[in-house]
Amino acid sequence: MGVLRNGDFRRLWLADLVSQAGSRIDVLAMPLLAVTALGAPVFEVSLLRTAQTLPYLVLGLQVGAWCDRIRHRPVLIAADAGRAVLIASVPVAALFGVLGMAQLLAVVLAVGVLSVFFDVAHQTYVPRLVAPGQLPEANARLQTNRSMAAVAGPGLAGVLVQALGVAAALAADAVSYLWSALWLRRIETPDTRPEPRERRLLREIGEGLRLVRGDRVLLAISAHGAASSFFQSAHLAIVIAFLARDVGLSPWVIGVLGTASLTGAVTAGFTARRLGDRIGQARALWGAAVLFGLAYQLYPFTGRGWALACYVLAGFFTSYSVIVLSVFGVSFQQAVTPPELLGRVSAISQTLVFGVAPLGSLLGGALAGAIGMRATLHIAAAGVLASAAIMVWSPLRKLRDLTPADRRRPR
């Protein structure tokens, strides 16, 4: 069982397991609700993605500094409970026939705010529960949760939406957040408050920025995450509307298609560590960035019949690459960052990745309205591929692994 022998990490892992599945239901159900029940145009659908990620751009750096001052478990529990209430309000409003696009956007925005606090605190909390040598395994376990949810979530959401309606799918999402909060409450490791220090927000943020800027590997990982996220967000903002309207697929088929395309994430969850051991963590990182960009080129060729295979193949290899990038990128970040700075460095990384997402979503929605959705998907795919150059031409290409000793001996 490895790291799962650690009882508190096992509780964190169980909390994350179902919560990730619920979040994947939300990713499909919200845009489908806007497209089918509310008849929203594609630009308004893209605003859902913008509202979901905008809080990272506005609050990410501040939240990182705050999380380095406070205990993490209460933040995680409160964020889960708040997201459960917010998501539950959507099916309740739909039940009474008062749901509108304004409420949907407000809920997604508020959930996004709580997700910023949760994600920064969660990533910072893991090193407090496991030994440094167990970080790659712990992160691989958590990424396996994400990958399994990525596979099961769309299919489950599609079945729920098709059989019971969007309200049932979102109710399941709300329950998943409550599940997470209950398991987090059972963690026994003392969650001590960091030593008090003078509170100067800009100076604290600057310390984290200087650390990322001064480490060329950290900088490359963060810059690639931001660049690829921008173009990926343009894709994600319109792809559900593209599949429903241009390709003409039902919610159930879209869900099954998403499940089939994301089996690469499960594969990566079980093989990422072995891949890093075999070819080296640094090589796995920049190789995954290249594979991610190449696989994205298949998405715009999706169509009915056999052309659906383009979506499945693209999804398999992109989801595989994302998990490999995340496992080794996050493990390296946690290993080289001093504990008192980890909240800020985690927030900087997530702000770069998710902070550009609302801009990419707006671009995707605007381009889709001007030149069509398929042409927009081609542009997004080209941008993701171009982003791989950041990793290929970084110090990573001269390294095999990412340990301090190996980084002193370029190859």
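**Helix 8, two cores and phenylalanine 316**

Mentor: Look at the start of helix 8. A side-chain oxygen of aspartate 215 comes to within 3.1 Å of the backbone nitrogen of valine 217. The model is predicted: local features need pLDDT of at least 70, side-chain atom pairs need 80 or more, and totals for chains, interfaces and linings use all residues. Residues count from 1 along each chain as its sequence is written, and side-chain values use heavy atoms, without hydrogens or water.

Trainee: What makes the pair of aspartate 215 and valine 217 a polar contact?

Mentor: A polar contact is a pair of N or O atoms within 3.5 Å; within protein, one must be able to donate a hydrogen and the other to accept it, and residues adjacent in sequence count only if both atoms are side-chain atoms. This oxygen and nitrogen are within 3.1 Å, so the pair meets the distance limit.

Trainee: How do you know that the span of helix 8 agrees with its number of residues?

Mentor: Helices are DSSP runs (H or I, at least four residues), numbered from the N terminus. The expected span is 1.5 Å times one less than the number of residues. Helix 8 (residues 216-246) has 31, so 45 Å is expected. Its end C-alpha atoms are 43 Å apart, which agrees.

Trainee: Where does helix 8 bend?

Mentor: At isoleucine 238, by about 40°. The bend is the angle between axes fitted to the seven residues ending there and the seven starting there. After helix 8 comes glycine 248, with a positive phi near 80°.

Trainee: Why is phenylalanine 316 called partly exposed?

Mentor: Buried means under 20% relative accessible area, exposed over 50%, and partly exposed in between (1.4 Å probe, protein chains only). Phenylalanine 316 has 25%, so it is partly exposed. This residue belongs to helix 12 (residues 308-336). Outside four places in sequence, phenylalanine 316 touches Ser261, Thr263, Gly264 and Thr267. Contact means heavy atoms within 4.5 Å.

Trainee: What makes a set of residues a nonpolar core?

Mentor: Its members are buried Ala, Val, Leu, Ile, Met, Phe, Trp, Tyr and Cys residues, joined through side-chain atoms within 4.5 Å. The largest such core has 30 residues; Phe9, Leu12, Val126, Val130 and Leu184 have the most contacts inside it. Helix 4 gives the most, with 7 residues. A second, separate core has 25 residues, including Leu32, Ile238, Leu257 and Tyr311.

Trainee: Which residues does leucine 184 contact beyond four places in sequence?

Mentor: Leu12, Ala15, Arg73, Leu76, Ile77, Asp80 and Phe118.
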